[in-house]
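Dear colleague,

Please find below the structure for your review. My notes on what was found in it follow directly after.

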Amino acid sequence: MRDTSNPIYFIHIGKAGGSSIDNMLRKYRKTKKINKKYWGFNHFDWSFIEMDHAVKMYHSKSMNRTTDEITFIRDGQVRNTYNSKSSKTAHDNLDVERTANDRDKKMPDLNTLKRAREGLDVGHTADVITFIRHPVSRSISQFYYSKTLPWAKKILNQTIEEYVHDSNKTWFQPVNDGEGAVDFLAGIFHPGGWVKTDETDSETKEYLRRNKTAACLIAANRLEQTVWFGLLEDVDRSMKLLQISLGLEHTPSLPKKNTARHQYPIPSDEIKLEIENHVPKDMWLYEYAKRLFEARWKYFIEDLDYVPPVELPPLP
């Protein structure tokens with residue numbers, strides 16, 4: 001574990017157990033078992049973390065601000081503190097915001113932020129964590145979860161078999177390749193959507209959206225930079241690694257959150273394979289993540305030399 005004062009950023013991938021992680025770490029923050037700042041309770045990608053740190057660097061260097069004075073995330077809201085007149089707010093008595101002095105509330109311009117991001121190494125300035133689920137299981141869960149939401153009840157009356165085979169569907173979230181992890185770690189979500197980003201677009205992002213291989217390799221590199229990541233299909237060992245990574249006295253127990261109200265039917269192997277074919281990027285990263293997970297397990301638990309995965313799964 002790196003003994004740093006870096007804030008923890010939790011990259012929350014939808015329908016992958018993220019709400020349970022948020023609530024568990026909230027408890028540890030409340031009881032002071034974790035003393036670092038925690039940024040969670042939202043969905044954001046890597047570009048958001050980069051921009052947040054660029055803003056902090058700009059203000060800490062130019063205006064002598066501390067590194068935690070700029071933005072905060074609270075109950076699914078991302079807010080800029082430059083326009084806030086309050087001096088401090090709290091989320092469940094947690095210290096999740098530091099507002100700026102009244103005299104320093106202007107945002108730096110975009111070009112200044114771009115310069116601040118040059119050479120920024122998020123892996124050393126933030127403790128990034130994430131939780132990953134098998135992409136097919138995540139897609140199935142996304143489909144049935146969305147069916148319970150008010151907006152979907154009138155338009156989503158299909159079974160998952162019907163949905164997968166529907167060539168005229170207009171809603172693609174369950175089978176959007178990248179939403180299972182790659183686009184979060186590569187930082188290539190479109191601005192203005194349900195995932196918070198740096199709110200900018202670029203030729204690089206567009207290139208990574210088109211080039212699956214490049215996006216996968218970027219995502220894999222970012223996954224290696226995380227302080228911790230877990231696999232929902234391997235919860236017990238994931239929690240043990242989380243204990244070591246965050247320096248906790250005991251192994252955490254992952255609470256259940258957002259569990260399905262009803263058990264949904266298990267799709268056939270044929271449908272699972274069709275879903276798998278829709279999400280080649282996320283399937284690749286999951287296979288790579290399993291290898292990286294084993295390398296970390298051997299290092300932290302079995303006290304062996306750390307040997308990162310040398311042989312990559314076949315790239316999409």
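The notes begin with a cavity. Val-227, Trp-228, Phe-229, Leu-241, Ser-245, Arg-296 and Phe-300 form the lining of the second largest cavity. Strand 6, helix 11 and helix 13 are the elements that each contribute two or more residues to that lining. The space inside the second largest cavity amounts to about 30 Å³, and the structure holds 2 cavities of 30 Å³ or more. Please bear in mind that this is a predicted model, and that every value here is computed from it.

Strand 6 deserves a closer description. In a regular strand, side chains alternate between the two faces of the sheet. Both faces of strand 6 are covered: Trp-228 and Gly-230 are buried on one side, and Phe-229 and Leu-231 are buried on the other. Strand 6 runs parallel to strand 5, and 4 bridges join the two. Within this pairing, Gly-230 of strand 6 has Phe-131 opposite it.

Strands 5 and 6 also lead to helix 1, since the buried residues of helix 1 pack against both of them, as well as against strand 1 (8–11), strand 2 (38–39) and helix 11 (235–246). Helix 1 covers residues 18–30 and has 13 residues. From first C-alpha to last it reaches 18 Å, close to the 18 Å expected at 1.5 Å a residue. Because 10 of its 13 residues are buried, helix 1 is largely enclosed by the rest of the structure. The buried residues include polar and charged names such as Ser-19, Asp-22, Arg-26 and Arg-29, along with Ile-21, Met-24 and Leu-25. After helix 1 comes Lys-32, with a positive phi near 65°.

Which residues have the most contacts inside the largest nonpolar core? They are Ile-21, Leu-25 and Leu-285, in a core of 56 residues. Helix 13 (residues 280–300) supplies the largest share of this core, with 8 residues. A second core, separate from it, has 15 residues, among them Ile-140, Ala-152, Tyr-163 and Ile-275.

Leu-25 is one of the buried residues of helix 1. Leaving aside residues up to four places away in sequence, Leu-25 touches Ile-34, Tyr-38, Ile-129 and Leu-246.

With kind regards

Conventions. Residues numbered from 1 in each chain as written. Predicted model: local features only at pLDDT ≥ 70, side-chain atom pairs only at ≥ 80, totals over all residues. Heavy atoms only, no water. Helix = DSSP H or I, 4+ residues; strand = E, 2+ residues; numbered from the N terminus. Expected span 1.5 Å × (residues − 1). Buried < 20%, exposed > 50% of the residue type's maximum accessible area, 1.4 Å probe, protein only. Contact = heavy atoms within 4.5 Å. Core = buried A, V, L, I, M, F, W, Y, C linked by side-chain atoms within 4.5 Å. Pairing = 2+ DSSP bridges. 1 Å grid on protein atoms, 1.4 Å probe; cavity = no way out; pocket = protein on both sides within 12 Å on 5 of 7 lines; lining within 4 Å. Points joined across faces, edges and corners; volume = space filled by probe spheres on them.
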